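Reader: Could you take me through one sheet in this model, strand by strand, along with whatever packs on it? I'd also like to hear how far the prediction can be trusted.

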Amino acid sequence: MPQVPQTLDASAVRTWCGLALEALGRAREEIDAINVYPVADGDTGTNLYLTVESAVAAVEAVFEGHEAAGRGAADQGPAGHGARDGAGDGAGHGAVDGAGDGAAKPLLAEVARAMAHGALIGARGNSGTILAQLLRGMAQVLAADGEAAHTDGPGLRVALRHAADSAREAVAHPVEGTVLTVASAAADAASGAEGDCGAVARAAYEGARAALAATPGQLAVLERAGVVDAGGRGLVAVLAALVQTFTGEAPKPPGAVPSTAPAQAPGTAAPDTADGRTRAHGAECGDGGPAYEVIYLLEAGDTAVTRLRERLDALGDSLVVVGGDGLWNVHVHVDDAGAAVEAGVEAGRPYRIRITHFGAEDAHMAGAGRPPRERAPRAVVAVVPGEGLAGLYSEAGATTVLARPGEPPASGELVEAVRRAHAREVVLLPNDADLRYTAAAAAEQARAEGVRVALIPTRSAVQGIAALAVHEPDRRFDEDVVSMTSAAGATRYAEVVIAERESWTMAGICQAGDVLGLIDGDVAVIGSDVTATAETVLNRMLAAGGEMVTLVLGDEAPPTIVDHLESRVRESYLAVDTVVYRGGRQGALLLIGVE
């Protein structure tokens with residue numbers, strides 16, 4: 001049996017997050033299938049998976065940063081004080097965990113905060129948002145300052161209690177028979193457990209499992225459908241991973257849950273929103289309950305968020321606001337999505353806004369007299385770096401995934417986009433060299449779900465534009481993919497950015513604030529003026545020939561740069577056409593493509 005942690009340290013949190021993601025991955029389809037509350041949209045398992053995937057990415061980033069620092073210290077440190085002083089465990093961990101100065105080993109508080117932050121910014125849906133607050137509540141205990149660290153069994157009991165209480169406080173109108181009930185039961189059972197972390201985790205799991213089984217008796221909509229609460233089922237999977245973390249053995253999963261339960265009769269009322277208000281099933285399109293789900297991250301102070309809660313509570317239901325320390329995740333179901341977003345603008349700075357319409361695409365609606373939506377023959381799914389390009393790609397018929405600077409999408413987000421495209425065949429455009437493995441993993445998962453997926457390794461959004469321009473959904477799939485791949489491959493790409501720090505590049509040493517021109521991913525020009533640097537980059541690209549120049553302008557680029565470059569092309573390259581797009585907040589000041 002592999003060695004398991006005996007205390008709740010940084011490595012234990014890392015292991016738990018990884019095992020929880022695996023558990024939710026296995027249970028995702030089952031959880032999606034039993035999702036009838038608060039809206040029967042069949043995505044609770046997916047939302048929980050994406051939430052934990054974001055937490056895992058944040059935790060891994062902390063460990064990778066410390067390991068890199070440890071390697072650097074070992075390379076520069078005096079002989080005999082290197083990175084291999086620690087006792088290895090036979091699996092290679094000693095090389096990074098035992099550096100003499102401890103630089104390569106993150107603290108529990110740092111990893112716990114990263115877990116909570118990752119879940120907060122990646123939270124999806126009602127249950128995902130609540131799970132993010134559960135993790136944040138635990139992190140607040142684990143990262144708290146004090147003489148005694150909360151790393152043993154009693155500490156885990158405190159963390160589970162605080163998690164359950166903080167999650168309940170985050171929901172405007174808590175209802176029993178939901179994930180909140182399951183979380184409270186887990187904390188109650190843990191409070192009576194004696195022993196180490198393994199014993200406390202197992203008690204919490206058993207308490208949650210029993211509470212989950214009782215949820216149909218607490219919510220009429222669950223009883224009629226013959227299912228348990230989907231969010232609670234996801235939390236049980238997460239707690240099972242906690243047990244496995246400390247014991248090395250996964251506990252027995254909950255009993256099989258029927259996924260073909262009798263459908264709710266159209267128009268039958270049930271208290272099936274997060275705050276217990278009545279919604280009529282079969283009428284989710286606007287005549288019986290809110291029509292939209294609105295989610296956004298919000299930078300705001302505590303006082304402003306208190307006012308926001310009151311305003312959103314009056315606008316709709318299923319209100320959950322989680323977070324703190326100036327960053328919040330807001331989730332609400334409303335009829336007026338614009339008003340919900342405007343309320344966020346008044347409170348602070350909302351971003352990563354997602355609005356979903358509850359309509360004919362909701363899962364389980366076939367039982368209410370609506371046939372399932374027919375799959376499209378073919379679709380294109382593309383990652384885009386800015387709102388402007390997202391609009392351009394959408395107009396061309398693509399399903400988009402927005403990648404903001406420093407926030408690359410996870411594989412689960414790409415899989416979700418493939419599902420949203422709802423097509424038998426999908427062409428996937430990652431538009432970023434760093435996303436090739438993420439996109440490949442997403443493509444494999446989509447193929448396992450029966451979707452034919454072709455991954456075109458586009459390394460820039462301008463290559464994606466070239467591929468999309470020749471896309472013809474009516475021709476054979478293989479022919480379409482070959483044509484799109486050829487167009488992307490024939491497009492050289494460049495970008496103009498501002499250096500964030502001093503660094504060695506292929507063009508020499510750059511300082512923070514320098515203007516960098518990258519051609520095909522490598523720094524080719526270092527300058528001080530944005531327009532002059534862009535012109536130099538463009539001249540170098542056109543020196544090898546070209547027929548079409550694509551310019552994608554970022555929000556922070558000089559307003560005169562486009563006119564200058566277009567004039568330069570007209571004067572010096574008579575046979576070359578130029579097309580300009582507005583990319584919005586895309587990270588780079590300018591993207592350049594030459595076909």
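Author: Here is a walk through that sheet and its helices, with a word on confidence at the end. This is a predicted model, so to speak of local features we ask for pLDDT of at least 70, and side-chain atom pairs count only at pLDDT 80 or more, while totals for chains, interfaces and linings use all residues. Residues are numbered from 1 along each chain as its sequence is written, and side-chain values use heavy atoms, with hydrogens and water left out.

The sheet is open, with 4 parallel strands ordered β8-β7-β9-β10 (strands are DSSP runs of E, at least two residues, and helices runs of H or I, at least four, numbered from the N terminus; two strands pair if DSSP finds at least two bridges between them). At the edges sit β8 (399-402) and β10 (452-455), each pairing on one side only. On average, neighbouring strands are turned by 20° against each other, direction ignored.

Now zoom in on β9 (residues 423-429): 4 bridges link it to β10 in the parallel sense, and Glu425 has Arg452 in β10 as its bridge partner. Helix α14 (residues 411-421) packs on the sheet, touching β7, β8 and β9, and its direction makes about 160° with that of β8. Contact here means heavy atoms within 4.5 Å; axes are lines fitted to C-alpha atoms, for helices over the stretch in contact, with angles from 0 to 180 degrees between N-to-C directions. Helix α13 (residues 387-395) lies across β7 (376-384), β8 and β9, at about 170° to β8.

As for trust, mean pLDDT (the predictor's confidence in each residue, from 0 to 100) is 82 for the protein chain, and 84% of its residues reach 70 or more. Residues 256-287 stay under 50. Where pLDDT is low, the predicted coordinates should not be read in detail.
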